[in-house]
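User: Please take a close look at one charged spot in this chain and the elements that surround the topic. I would like its partners, its burial, and then the strands and cysteines worth checking at the bench.

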Amino acid sequence: MMRRLPYSTLLTVFAAFVFSLTSLNAIDNSHSNWHQFRGEGARGIGTGDSLPEHWSANQNIAWKVDLPGRGWSSPVVWGNKVFVSTVINSSESEDPKKGLYLGGNRLDIPQTIHTWKVYCLDLKDGVILWERTVHEANPETSIHLKNSYASETPTTDGKNVYFYFGNVGVFAFDLDGKPLWSKRFEPRQTRHGWGTAASPILHGNRLYLLNDNDEESWLKALDKNSGEETWKVEREPESNWSTPYVWENDLRTEIIVPATNKVTSYDLDGNELWSFKGMSSITIATPYSHDGLLYVSSGYVGSRHKPIYAIRPGATGDISIDETLRSNDYIVWCDWRAAPYNPSTLLYEDQLYVLLDRGMLSSMDPKTGAFHFERERIPGNKAGFTASPWAYNGKVFYLNENSETFVYKAGKSPELLHVNQLAEDDMGMATPAIAGNRLLIRTSARMYCIAAD
């Protein structure tokens with residue numbers, strides 16, 4: 001016969017059970033999710049209270065894993081799973097040259113088999129949990145020497161993960177690697193054969209995909225569960241590398257698509273709400289919003305205009321601003337010469353930070369566009385900057401193509417604290433991800449998971 005335990009013993013057992021569940025939940029929930037390019041709100045801000053500030057190729061490295069092939073997509077994280085994409089050339093690929101320069105066009109399409117692959121890594125130790133091949137063939141389009149065939153960052157809703165390759169298609173898996181659905185897209189020519197880069201975004205039950213090229217541009221909304229097309233908007237053929245942004249403001253929800261010819265806002269049914277012209281001739285940076293305003297930038301170094309815009313909600317029609325002005329009814333302020341080329345701007349602790357590709361920093365008041373400091377050169381930097389900056393714990397971080405991270409104190413004057421250097425064979429072009437108290441930096445050679453001691 002089973003003995004009945006004393007009441008006090010039952011309480012002890014129950015308390016231990018609750019404690020164990022709490023501990024398990026603490027473990028499971030100890031990592032903040034980083035579900036898309038630049039994380040929550042496309043802002044690039046970490047929230048962990050013990051995120052690392054110092055590292056090297058061997059210091060404060062929780063793990064590092066060599067990644068085959070080439071890909072400039074950022075990792076994304078859900079729970080203990082890290083997702084990333086790459087494309088592997090069966091032959092040798094030309095090594096990209098660092099910095100800003102002419103002569104990176106490569107119009108000849110590679111005549112070798114390439115393998116498009118997606119990976120899921122364990123956040124705790126970097127072990128590959130699963131990998132899948134989604135496409136294997138000769139490429140049908142070319143890319144710029146510094147681009148890759150895997151430059152689009154995946155996105156996840158915690159149930160499924162979506163990998164988008166601009167001139168191949170989109171592929172949906174559950175978090176355990178089970179294929180769910182896929183859609184193939186006709187490859188299109190991009191300007192100068194540079195390739196694609198705009199990442200997918202999720203909102204509600206829809207997955208939004210942008211493919212702006214020189215032949216047949218479009219924005220599509222797909223049902224995220226089935227892949228069925230909900231709507232498609234034909235856009236003016238013009239290559240564009242900026243990831244769209246879903247702007248949830250006090251008046252409505254909008255899909256913001258920056259592009260070379262104009263910035264366009266669509267409602268969730270694909271109807272145009274407003275637009276404006278006045279960007280530089282190449283657009284790469286991702287928009288975001290803060291405190292009721294939308295921030296859009298475009299700063300190709302060869303363009304006359306390199307504008308940053310702050311926009312209030314509620315606009316309709318054409319809200320273009322005359323180049324002699326700084327504001328109008330819906331553009332709160334515009335600075336015509338402030339924007340970076342490759343990196344997105346960063347809004348952190350009520351300052352808007354600007355990183356130019358050539359290694360100069362500015363800080364602006366996000367409400368007025370006034371400068372706190374302007375074009376201060378990063379000392380000791382000898383490489384270009386492509387990755388977007390990020391911030392946490394009162395620090396702002398800038399990763400250059402030599403995989404050096406310059407750590408600055410956040411504030412109204414530039415104060416360099418220290419420089420973190422990774423390995424010599426690392427090239428840093430992908431924007432990092434932040435998961436709880438861990439920083440993930442993907443380089444040309446490998447993935448680093450960085451954590452403070």
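Analyst: R446 is buried, because its relative accessible area is 12%, under the 20% cut-off. The model is predicted. Start with the salt bridges of this arginine.

The side chain of R446 meets that of D66 in a salt bridge, with 3.0 Å from N to O. The two partners come from distant parts of the chain. D66 sits in strand β1, residues 61-66. R446 sits in strand β33, residues 446-450. They are 380 residues apart. D66 counts as exposed, because its relative accessibility is 54%, and the cut-off for exposed is over 50%. So this bridge joins an exposed acid to a buried base.

R446 has another salt bridge, to the side chain of D425, at 2.9 Å from N to O. D425 lies in the loop between β30 (415-421) and β31 (433-435), and R446 lies in β33, so this pair ties together parts that are 21 residues apart in sequence. D425 has 47% relative accessibility, so it counts as partly exposed. Salt bridges with shared partners join D66, D425, D426 and R446 into one network.

What is the count of salt bridges in the whole structure? A search finds 22. One of them gives a useful contrast in burial. The side chains of D212 and R235 meet in a salt bridge at 2.9 Å, N to O. D212 is in the loop between β11 (206-211) and β12 (217-223). R235 is in strand β13, residues 229-235. The two are 23 residues apart, and this pair too links distant parts of the chain. Both D212 and R235 are buried.

Go back to D426. This network member is in contact with E401. E401 lies in the loop between β28 (395-399) and β29 (404-409). Is E401 buried or exposed? It counts as buried, because its relative accessibility is 1%. Its side chain makes a polar contact with the side chain of K146, at 2.7 Å. Beyond its neighbours within four places in sequence, E401 touches several stretches of the chain. K98, G99 and K146 are among its contacts. A383, G384, F385 and T386 are also on the list. So are D426, M427, G428 and M429.

Next, the strands. β25 covers residues 360-364 and is mostly covered, with five of its five residues buried. M360, S362 and M364 point one way from β25. L361 and S363 point the other way. Residues on both sides of this strand are buried.

β25 has a partner in strand β24, residues 351-355. The two pair in the antiparallel sense over four bridges. V354 stands opposite S362 in β25. The two strands form a hairpin with four residues between them. In that turn, G359 has a positive phi of about 90 degrees.

β25 also pairs with strand β26, residues 371-377, again antiparallel and over four bridges. Here M360 stands opposite R377 in β26. This hairpin has six residues between the strands. G369 takes a positive phi near 85 degrees in it.

Another sheet is open and has four strands. Their order is β18-β19-β20-β22, and the pairing is antiparallel. β18 (288-290) and β22 (331-335) stand at the edges with a single partner strand each, so one side of each has no neighbour in the sheet. Neighbouring strands of this sheet are turned by 20 degrees against each other on average, direction ignored. Within it, β19 (residues 293-297) and β20 (residues 308-311) pair over four bridges. V296 has Y309 in β20 as its bridge partner.

Last, the cysteines. How many disulfides are there? The count comes to zero. C449 is in no disulfide, and the nearest cysteine sulfur, that of C120, is 14 Å away. A disulfide needs two sulfur atoms within 2.5 Å, so the C120 sulfur is out of range. C449 counts as buried, because its relative accessibility is 0%. C334 also counts as buried, because its relative accessibility is 0% too.

To return to the charged spot: buried R446 shares one salt-bridge network with D66, D425 and D426. D426 in turn is in contact with E401, and the E401 side chain makes a polar contact with that of K146.

Technical notes: Residues numbered from 1 in each chain as written. Predicted model: local features only at pLDDT ≥ 70, side-chain atom pairs only at ≥ 80, totals over all residues. Heavy atoms only, no water. Buried < 20%, exposed > 50% of the residue type's maximum accessible area, 1.4 Å probe, protein only. Polar contact = N/O pair within 3.5 Å; in protein donor to acceptor, adjacent residues only side chain to side chain. Contact = heavy atoms within 4.5 Å. Salt bridge = Lys/Arg side-chain N within 4 Å of Asp/Glu carboxyl O. Pairing = 2+ DSSP bridges. Axes fitted to C-alpha atoms, helices over the stretch in contact; angles between N-to-C directions.
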